[in-house]
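Colleague: I am new to this structure and should be grateful for a close look at one part of it. Could you take me through the metal site and the parts of the fold that surround it?

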Amino acid sequence: MSYTLPPLPYDFNALEPYIDAKTMEIHYTKHHQTYLDKFNKALEKYPELAGKPAEDIIKNINDLKIDEKDCLAIKNNGGGFINHNFFWQMMAPQKQIDGKLVDEINQSFGSIEDFKKQFTDAAVNRFGSGWVWLVRHNGGKLEICSTANQDSPLSLGHTPLIALDVWEHAYYLKYQNKRADYIEAWWNVLKLI
Ligand code: MN3
């Protein structure tokens, strides 16, 4: 059994002008697809894993007793697969961030504006490729964190609530090297208020 790419829940141009159609198309049909293909390939040797939800595999990645190279391939490509699944869903034009979570963000960070500022700082300062997240710790606390490569907060025991892809492939066609401009525009596709 192998995993399949969930359909993108909107058209490539649905997030224009903030995220352009060409970037969405390449990001979804090439980058996301490649993570998925390599994830499936890496799991060929491990049929006992391939029947599980991909999120569960990534959550327990540090406990896997398998060859180190295979483990890294599963972590990187499985992470790329589930991180993008989450990212597309979260940005869906019809999707509104839950009001209770918005209240909690206000309480935890002082205001939505303060939250956005801290999150933006983490995204601008992520060195190299990676992601920025709002996560919930096991204990319930909210935190902004950043991960390198395709590492998922699930592997750290955290639950992702909001995600931003800051790999260059997420913005380079439209924003070139201007990551800060992409991040500023991206806030328009997240329905926080
Ligand atoms: Mn990406």
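Modeller: A definition comes first: donors are N, O and S atoms within 2.8 Å of the metal, and since water is not among the atoms, a site may look incomplete. It should also be said that this is a predicted model.

With that term in place, the site can be described. The manganese ion has as its protein donors His27 (NE2), His84 (NE2), Asp165 (OD) and His169 (NE2), at 1.9 to 2.1 Å from the ion. Along the sequence, these donor residues follow the spacing H-x56-H-x80-D-x3-H. Two of them show what such a spacing entails: His84 belongs to helix α4 (residues 68-91), while His169 sits in the loop between β3 (159-165) and α7 (172-175), so the pair ties together parts that are 85 residues apart in sequence. Are these two histidines buried or exposed? His84 is buried, since its relative accessible area is 0%. His169 has a relative accessibility of 17% and therefore also counts as buried, because the cut-off for buried is under 20%.

From the site one may turn to the strands. Strand β3 is mostly covered, with five of its seven residues buried. Strand β1 (residues 130-136) runs antiparallel to β3 and is joined to it by six bridges. Along this pairing, Trp131 is placed opposite the donor Asp165 of β3, and Val135 faces Pro160 of β3. As a general matter, strands of a sheet pair through backbone hydrogen bonds, either parallel or antiparallel.

What is the order of the strands in the sheet? The sheet is open and has three strands in the order β2-β1-β3, paired in antiparallel fashion. The edges are taken by β2 (142-148) and β3, and each has a single partner strand, so one side of each is left without a neighbour in the sheet. On average, neighbouring strands of this sheet are turned by 25 degrees against each other, direction ignored.

Helix α4, which carries the donor His84, packs on this sheet and touches β1 and β3. The direction of α4 makes about 85 degrees with that of β3. Asn83 is also part of helix α4. This residue is buried, because its relative accessibility is 2% and the cut-off is under 20%. Leaving aside residues up to four places away in sequence, Asn83 touches Trp131, Trp133, Gln150, Asp151 and Ser152. Among these, Trp131 is the residue that stands opposite Asp165 in β3.

A further helix meets the sheet. Helix α5 lies across β1, β2 and β3 and runs at about 90 degrees to β2. Glu104 is one of the residues of α5. With a relative accessible area of 25%, Glu104 is partly exposed. Apart from residues up to four places away in sequence, Glu104 touches Arg136, Gly140 and Leu142. Glu104 and Lys141 are separated by 37 residues in sequence, and their C-alpha atoms are 9.6 Å apart in space.

Helix α5 also meets another helix. Two packed helices are described by the angle between their axes and the distance between the axes. The axes of α5 (residues 99-109) and α6 (residues 112-125) come within 8 Å and cross at roughly 75 degrees. That angle makes α5 roughly perpendicular to α6. On the α5 side the contact is made by Val102, Ile105, Asn106 and Phe109, and on the α6 side by Ile112, Asp114, Phe115 and Gln118. By type, the residues of this contact are five nonpolar, two polar and one charged.

Some backbone details complete the picture. Asn149, in the loop between β2 and β3, has a positive phi of about 55 degrees although it is not a glycine. Asn149 is partly exposed, at 39% relative accessibility. Gln176, in the loop between α7 and α8 (179-186), likewise is a residue other than glycine with a positive phi, near 50 degrees. Gln176 has a relative accessible area of 30% and is partly exposed. Lastly, Glu16 and Pro17 are joined by a cis peptide bond, with omega about 0 degrees; Pro17 belongs to the segment before α1 (21-43).

Key:
Residues numbered from 1 in each chain as written. Predicted model: local features only at pLDDT ≥ 70, side-chain atom pairs only at ≥ 80, totals over all residues. Heavy atoms only, no water. Donors = N, O, S within 2.8 Å, 3.2 Å for Na, K, Ca; no water. Helix = DSSP H or I, 4+ residues; strand = E, 2+ residues; numbered from the N terminus. Buried < 20%, exposed > 50% of the residue type's maximum accessible area, 1.4 Å probe, protein only. Pairing = 2+ DSSP bridges. Axes fitted to C-alpha atoms, helices over the stretch in contact; angles between N-to-C directions. Parallel < 35°, antiparallel > 145°, perpendicular 65-115°, else oblique. Contact = heavy atoms within 4.5 Å. Nonpolar A, V, L, I, M, F, W, Y, C, P; charged D, E, K, R; others polar.
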